Structures are given as structure tokens and as C-alpha cells.
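Reader: I have a model open and would like to learn how to read it. Where do we start?

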Amino acid sequence: MSLKIKDRYKSVRVAIASSLLMLCAVAHAEGTLFKVPTRPEVKTTLFWETVEGAKVTVLLFPGGAGGFGKFEDGKATGGNFLVRSAPYFIANGFNVAIFGRPNDMELGWAERTEPTHMTDVRAVLDFVKEKSSAPIWIVGTSRGTISAAASAINIQDPAIAGLVLTSSVAKYDTPGTVPRQNLSAIKVPVLVYHHAKDGCKHCQAHETPAIIKGLSNAPVKKLIVVDGGANPTGDVCAGQHWHGFPNFEREAISQIAEWIKKPIN
């Protein structure tokens, strides 16, 4: 391997100390991978990418069992809708933080509302607040909406400016489903964004109004159902089918970003 190639792939390990925690990061040209201590002997991965002068930070919760794929050349490589759409948030002037996964568990259905998960989320949120003073919007997709809603309910932090739920888990008897959470405790603006053709049995568009109904104390709440995109492939509950807004990522994030900038009913 030539020195040029070696230099290209060389990473720099940086130890960051604070009064509360020690962080180990691998820095690249664009994004950064952090391993944030969130519980004793437990670290949770976090992808972090900044924009100069950003007025908003989005904390993204992917679906599935959590995580954002591999970290290569400063990018998260996962195929989840929010992960592959991170560059569009950046293009809209937002800092991007992607919640990964703790090293001791996968994030199933019920786990995403448990105190252990909330402890990890709170620690990651505190870290993000140290990195930027910009208001934080929590954004979840698919199973990540369970985490996102639970975080907005259980972590009453003034830094949380709002909540966005895409491809929400809305089936009433699914563990952790958003409509059965204590949505009345959410007191920030909420956008529910869904694809009309979402074929996942846990995430049917016709069940999303129950989320809006439950948000009785949200100052602003909006349901947007879209029908754009093309060429869905694979599992109907996976990121490349309508569930993940295929070939509609740029438009979807543009609409979401504009709403975040100016939330309206």
C-alpha cells in the first residue's frame, strides 16, 4: 500500500475529557464517530457532523435494531432512511447526530421505552449539548419513533425544541407503539411524516391520526402524508421500500427541514 493511500485512510484517535465523562473519537474529514460512556462499562456509538453556524441539531434515531452501519471515510453507511438522508440535513444547515447502539444490547421493540435506554439517550443528549448550543430536534424513523417519542416524554430538557416522527410505529398492539405512549406529556412541536403507501404492518398511514390525537399538549402538531418516490424494493418494513421514502429522500428532508424552521399546524 502506498504512503498516499495509507495517509488517506489514516485516522486520528482523540481523547476528550470533561468533568462528567471521557470520550474516545475517531476523526475524519467530515463526520466523527464517538463512543459515549452512557452507563457503567457501557458505551453508546454516536455519529456527529457539524455545519458552521447551524441553528438546529437533529438527533436521529434509526429503526431496526439500532445503529447506523459502518463508519467509513467520515460517513455512516447504513441504508436506513435517516442514515442515508443525513447529507440532506447537512445541506439544510443542520448539525447531525445519529444515535447508534450501546455495546451491551440491541434495540428491539420494548427496549426502546425502558429506563436503561432512556439513561443512554440522556447521556448522549448531554454530550450533544456540549458539542453545540443549537436547539435539538429529536427525529425517529420506523422503530426509532418509539425511542424518539419516549425521549421527548421522559427527558424534559429545555434543549429539546421539537420532535419529528417518520414512518411511525402506530399499530396499537405493537410493543412500544407510539399511540400507546404518554403523548400528552410532550410539550414541544411535533411533526408526523408518513408515506401513504407504507406497507409495513406496524406502520400503516391510516393509523397515524391516533398519534396526533394523543398530542394534547403539543403547542403545534402536524400530520403530513406524502405519495412521492419510485422503485421500492425489498422488505416492506425496510428502508428501501415505501417505508423508507425511496428516491424521495431529498424532497422528504427538505419538507421536514422547512417545517422544523417554521412549525405550523
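Author: Start with how the elements are named. Helices and strands are DSSP runs, numbered from the N terminus. By that naming, E41 lies in the loop between β3 (32-39) and β4. One caution: this is a predicted model.

Reader: How many helices and strands does the chain have?

Author: The chain has 7 helices and 12 strands. Buried residues make up 52% of its 265 residues. Among contacts with a separation of 6 or more, 70% are between residues 24 or more positions apart.

Reader: Back to the loop. What should I look for in the backbone there?

Author: Look at phi. Most residues other than glycine have a negative phi. E41 is not a glycine, yet its phi is positive, about 65°. N247 is also not a glycine and has a positive phi, of about 55°. N247 is found in the loop between β12 (221-226) and α7 (249-261).

Reader: Is E41 buried or exposed?

Author: The cut-off decides: buried means under 20% relative accessible area, and exposed means over 50%. E41 has a relative accessible area of 81%, so it is exposed.

Reader: Which residue in a strand can I set against that?

Author: Take E49, which is found in strand β4 (residues 42-49). Its relative accessibility is 9%, so E49 counts as buried. Leaving out residues up to four places away in sequence, E49 touches E30, G31, K75, I90, N95 and V96.

Reader: K75 is on that list. Which residues does K70 touch?

Author: With residues up to four places away in sequence not counted, K70 touches K75, A76 and T77. K70 lies in the loop between β5 and β6 (71-72). At a relative accessible area of 57%, K70 is exposed.

Reader: How do I read a whole helix for burial?

Author: Begin with the geometry. An α-helix has 3.6 residues a turn, so residues three or four places apart point the same way. Then count the buried residues. In helix α5 (residues 144-154), 10 of the 11 residues are buried, so the helix is largely enclosed by the rest of the structure. The buried residues of α5 run through G144, T145, I146, S147, A148, A149, A150, S151, A152 and I153.

Reader: What covers the buried residues of α5?

Author: The cover includes β5 (56-61), α4 (115-131), β9 (136-141) and β10 (160-166). After the helix, Q156 sits in the loop between α5 and β10. Q156 has a relative accessible area of 52%, so it is exposed. Its C-alpha is 8.6 Å from that of I186, although the two are 30 residues apart in sequence.

Reader: Where can I find buried residues in loops?

Author: Here are two cases. A170 is found in the loop between β10 and β11 (190-195). With 3% relative accessibility, A170 counts as buried. Neighbours within four places in sequence aside, A170 is in contact with T177, P179, H202, C203, E207, T208 and I211. The C-alpha atoms of A170 and A210 are 7.8 Å apart, with their positions 40 residues apart along the chain.

The second case is F245, in the loop between β12 and α7. F245 has a relative accessible area of 0% and is buried. Residues up to four places away not counted, F245 touches F81, R84, T166, S167, Y193, H194, H195 and V226.

Reader: How many aromatic pairs are there?

Author: A search of the whole structure finds 8 aromatic pairs. Ring pairs link F47, F68 and F71 into a cluster. Rings can also have a charge over the face. R143 lies over the face of W109, 4.3 Å from the ring centre. The charged end of R180 sits over the ring of Y172, at 5.1 Å from its centre.

Reader: And how are pockets found?

Author: Rolling a probe the size of a water molecule over the atoms shows where empty space is left. The largest pocket here has a volume of about 280 Å³. It is lined by 23 residues, and the closest to its centre are G63, G64, N80, S142 and C237. By class, the lining has 9 nonpolar, 13 polar and 1 charged residues.

Notes: Residues are numbered from 1 along each chain as its sequence is written. This is a predicted model: local features need pLDDT of at least 70, side-chain atom pairs count only at pLDDT 80 or more; totals for chains, interfaces and linings use all residues. Side-chain values use heavy atoms; hydrogens and water are left out. Rings of Phe, Tyr and Trp (its six-membered ring) pair if their centres lie within 6.5 Å; planes under 30 degrees apart count as stacked, over 60 as edge-to-face and the rest as tilted. A charge sits over a ring if NZ of Lys or CZ of Arg is within 6 Å of the ring centre and within 35 degrees of the ring normal. Helices (H or I, at least four residues) and strands (E, at least two) are DSSP runs, numbered from the N terminus. Buried means under 20% relative accessible area, exposed over 50%, partly exposed in between (1.4 Å probe, protein chains only). Contact means heavy atoms within 4.5 Å. On a 1 Å grid over the protein atoms alone, a cavity is a set of points where a 1.4 Å probe fits but cannot get out, and a pocket is an open set with protein on both sides within 12 Å along at least five of seven lines; lining residues have an atom within 4 Å of a point. Grid points are joined across faces, edges and corners, and a volume is the space filled by probe spheres set on the points. Ala, Val, Leu, Ile, Met, Phe, Trp, Tyr, Cys and Pro count as nonpolar, Asp, Glu, Lys and Arg as charged, and the others, Gly among them, as polar.
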